[in-house]
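Please open the model in a viewer and keep the sequence at hand. The tour below proceeds by selection, one stop at a time.

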Amino acid sequence: VQYRSWDNAGNVEADNTQTISVQIPVPPTEVALNFDDSAASNYTLGYTDALQPGAVPATYYVNSGVLGTSNHMTWAQVGTLSGVGDDIGGKTVDGDNLTTMTAQQQISEICTDRQNLMSHGVTPISFAYPSGANNAQIQAEVQGCGYGNGRTAGSLSPTGPTYAETVPPRSWLALRAYAPAGQVTLANLEALVTGAAALGGGWI
């Protein structure tokens, strides 16, 4: 900073320069763990073995139509997850691509799924589009059914250019997420966090 001063006689003194350090806070990088499609392993491996011992929260997006069937979670397990404070989100009744359906079918899949969850004591706010497929009409339907946000898939990448969702999000009804076609690896998760942190943080 350069500034000028005057003596008592009103004479201008020589310019003075002073260095001031300003520390600008860097937005944090937040990581949200999501489990999809009501798989039984979401509970046994994801919750019981991995997250419960460390009391780590997560969001479980469930398809109410398959709960209690072979290789899927039960309603009791969903109740347990909700009871410990985990977020239970909807993902339609059957988990089929909404963009292949009529508007009436879309609304039925979205709203009925949420009503099923509510009838079991869960009030979901978060929704995940099956296969990440959505459009403006479907987003409006999701909101109309009572959801506060909708998660897409595949918009974030460990190789960039987009490593994280912004905070606040660009669109609450089209939240960007990391959704690889294959297995999620520790190296890829680390690359996402490192990349996001280097570019100012965000929500993964």
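Which elements make a right-handed β-α-β unit with helix 2? In this predicted model, the unit consists of strand 5, helix 2 and strand 6.

Select strand 5 (59-62) together with strand 6 (residues 87-90). The two strands run parallel and are joined by 4 bridges. Within strand 6, Gly 89 is the bridge partner of Tyr 61.

Next, add strand 4 (residues 34-36), which also runs parallel to strand 5 and is joined to it by 3 bridges. Here Asn 34 has Thr 59 of strand 5 as its bridge partner. Following the chain from strand 4 through helix 1 to strand 5 reveals a β-α-β crossover that is right-handed.

Now display the side chains of strand 5. In a regular strand, side chains alternate between the two faces of the sheet. Thr 59 and Tyr 61 point one way, Tyr 60 and Val 62 point the other way, and all are buried.

Keep Tyr 60 and Val 62 selected and add Met 73, Val 78, Leu 81 and Ile 88: these touch the most other members of the largest nonpolar core, which has 14 residues. Helix 1 (40-51), strand 5 and helix 2 (75-83) each supply at least two residues of this core, and helix 1 gives the most, with 3 residues.

Centre the view on Val 62. Beyond its neighbours within four places in sequence, its contacts include Ser 38, Leu 67, Met 73, Val 78, Ile 88, Asp 113 and Leu 117.

Finally, select Leu 98, Met 101, Cys 111 and Tyr 129, which are among the 11 residues of another core, lying apart from the largest one.

Technical notes:
Residues are numbered from 1 along each chain as its sequence is written. This is a predicted model: local features need pLDDT of at least 70, side-chain atom pairs count only at pLDDT 80 or more; totals for chains, interfaces and linings use all residues. Side-chain values use heavy atoms; hydrogens and water are left out. A nonpolar core is a set of buried Ala, Val, Leu, Ile, Met, Phe, Trp, Tyr and Cys residues joined through side-chain atoms within 4.5 Å. Buried means under 20% relative accessible area, exposed over 50%, partly exposed in between (1.4 Å probe, protein chains only). Contact means heavy atoms within 4.5 Å. Two strands pair if DSSP finds at least two bridges between them. A crossover is right-handed if, with the strands pointing away from the viewer, the path from the first strand over the helix to the second runs clockwise.
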